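I opened a fresh page for this one. My plan is to go from the whole chain down to single residues.

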Amino acid sequence: DGQNLFDAATSYAGEWGVDEALDRLSRGEGLDVIVVGIDHGNALRIHELIPYTNPRFLPNAGVAFIDDVVHAIKPFVDANYRTLPDRGHTAIAGSSLGGLSADYAIHRYPQVFSMAGVFSPSYWVSDEAFAVAGRTRLPAGSRVYLFMGGKEGPESVRAVEDMARLLRMHPGAAEVRLRVVPEAEHNEASWREAFPGAVRWLFGRGGDAATP
């Protein structure tokens, strides 16, 4: 949902304030991060961002989308910008269906992404995300930040708590930060508030309050 990251003028639901947040992190903490926002295809969004089988929303094109991120977009960015391209410096993040995509991406391409910011993930789409997490141990050094608003509903909160438990159960498990904010809703304002702390934690600069 790149339309909502940087500028209220391009957003349809409010912006995350990513550019302002990164400026503050750079000036205040010396944390310099490049964020590449990928716009969704409007009416095609729900198809683009579902990487599992869901007959209600065919075609499910989320696998092809993440493949494109890995094989086309990331190589272009690495060739044209001053990146540190190894997995240890590469994160993927998103909210809602984008959060589901980020969860999928770090499991599908752990050699590319060592970090995932999973904001209000749409785990209702498929139980397969939980099956994958249950059978897949992420490599050493992996970090997953899970965020959910309490006002998104008890089922959504339980789902993100279940995912944290599954990720943590493997020997030598990935580091997991679970943040459930009781008054937060499923919207850009909630994700804007959470974003700076998530980036700080993912890149090893401390972080915000969390649920054990």
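**Entry 1: overall build**

I began with the radius of gyration. The protein chain has 212 residues, and a compact globule of that length would have a value near 17 Å. I read 16 Å for this chain, which agrees. I also noted that the model is a predicted one.

Next I looked up the extent of the C-alpha trace. Along its principal axes it spans about 40 × 40 × 35 Å.

I then listed the secondary structure. The protein chain holds seven helices and four strands. In sequence order I wrote down α-α-α-β-α-β-α-β-α-β-α.

How much of the chain is buried? I found 48% of the 212 residues in that class. I looked at contacts too, taking those with a separation of 6 or more. Of these, 67% join residues 24 or more positions apart.

The surface came next. About 10200 Å² is exposed, and carbon and sulfur atoms supply 54% of that area. For charges, I counted 20 positive and 27 negative. Their mean positions lie 6 Å apart.

**Entry 2: backbone oddities**

I searched for unusual peptide bonds. The bond from Leu 58 to Pro 59 is cis, and its omega is near -5°. Pro 59 sits in the loop between helix H2 (45–48) and helix H3 (62–80).

Then I checked for positive phi angles outside glycine. Ser 96 has a positive phi of about 60° and is not a glycine. I placed Ser 96 in the loop between strand S1 (91–95) and helix H4 (97–108). Is Ser 96 buried or exposed? Its relative accessible area is 11%, so I logged Ser 96 as buried.

Ser 120 is another entry of this kind. Its phi is positive, about 45°, although Ser 120 is not a glycine. I found Ser 120 in the loop between S2 and H5. Its relative accessibility is 1%, so Ser 120 counts as buried.

**Entry 3: Ser 126**

I stayed with the loop between strand S2 (115–119) and helix H5 (128–135), where Ser 126 is found. Ser 126 has 12% relative accessibility; the cut-off for buried is under 20%, so Ser 126 counts as buried.

What does the side chain of Ser 126 reach? I traced it to the backbone nitrogen of Glu 128, at 3.0 Å. I then set aside residues up to four places away in sequence and looked at what else Ser 126 touches. Tyr 52 and Thr 53 came up.

**Entry 4: Ile 34 and Arg 82**

I moved to Ile 34, in the loop between helix H1 (18–29) and H2. With a relative accessible area of 47%, Ile 34 is partly exposed. I looked up its C-alpha separation from Leu 22 as well. The two are twelve residues apart along the chain, and their C-alpha atoms are separated by 8.4 Å.

Which residues does Ile 34 touch, beyond those up to four places away in sequence? I wrote down Tyr 81, Arg 82 and Thr 83.

Arg 82 deserved its own check. Its place is the loop between H3 and S1. At 85% relative accessibility I marked Arg 82 as exposed, because the cut-off for that class is over 50%. Arg 82 and Ile 34 are 48 residues apart in sequence. From C-alpha to C-alpha I read 8.8 Å between Arg 82 and Ile 34.

**Entry 5: Lys 74**

My last stop was helix H3, where I found Lys 74. Is Lys 74 buried or exposed? Its relative accessible area is 15%, so I put Lys 74 down as buried.

I then followed its side chain. The side chain of Lys 74 makes a polar contact with the side chain of Asp 78, at 2.6 Å. A polar atom of the Lys 74 side chain also lies 2.9 Å from the backbone oxygen of Pro 85.

Pro 85 came up again in the list of residues that Lys 74 touches, which leaves out residues up to four places away in sequence. Val 69, Thr 90 and Val 112 are in that list too.

Notes: Residues numbered from 1 in each chain as written. Predicted model: local features only at pLDDT ≥ 70, side-chain atom pairs only at ≥ 80, totals over all residues. Heavy atoms only, no water. Helix = DSSP H or I, 4+ residues; strand = E, 2+ residues; numbered from the N terminus. Rg over C-alpha atoms; globule rule 2.2 N^0.38 Å. Buried < 20%, exposed > 50% of the residue type's maximum accessible area, 1.4 Å probe, protein only. Contact = heavy atoms within 4.5 Å. Areas by Shrake-Rupley, 256 points an atom, 1.4 Å probe, with all protein chains shown as cover. Lys, Arg positive; Asp, Glu negative; His and termini not counted. Charge placed at Lys NZ, Arg CZ, Asp CG, Glu CD. Polar contact = N/O pair within 3.5 Å; in protein donor to acceptor, adjacent residues only side chain to side chain.
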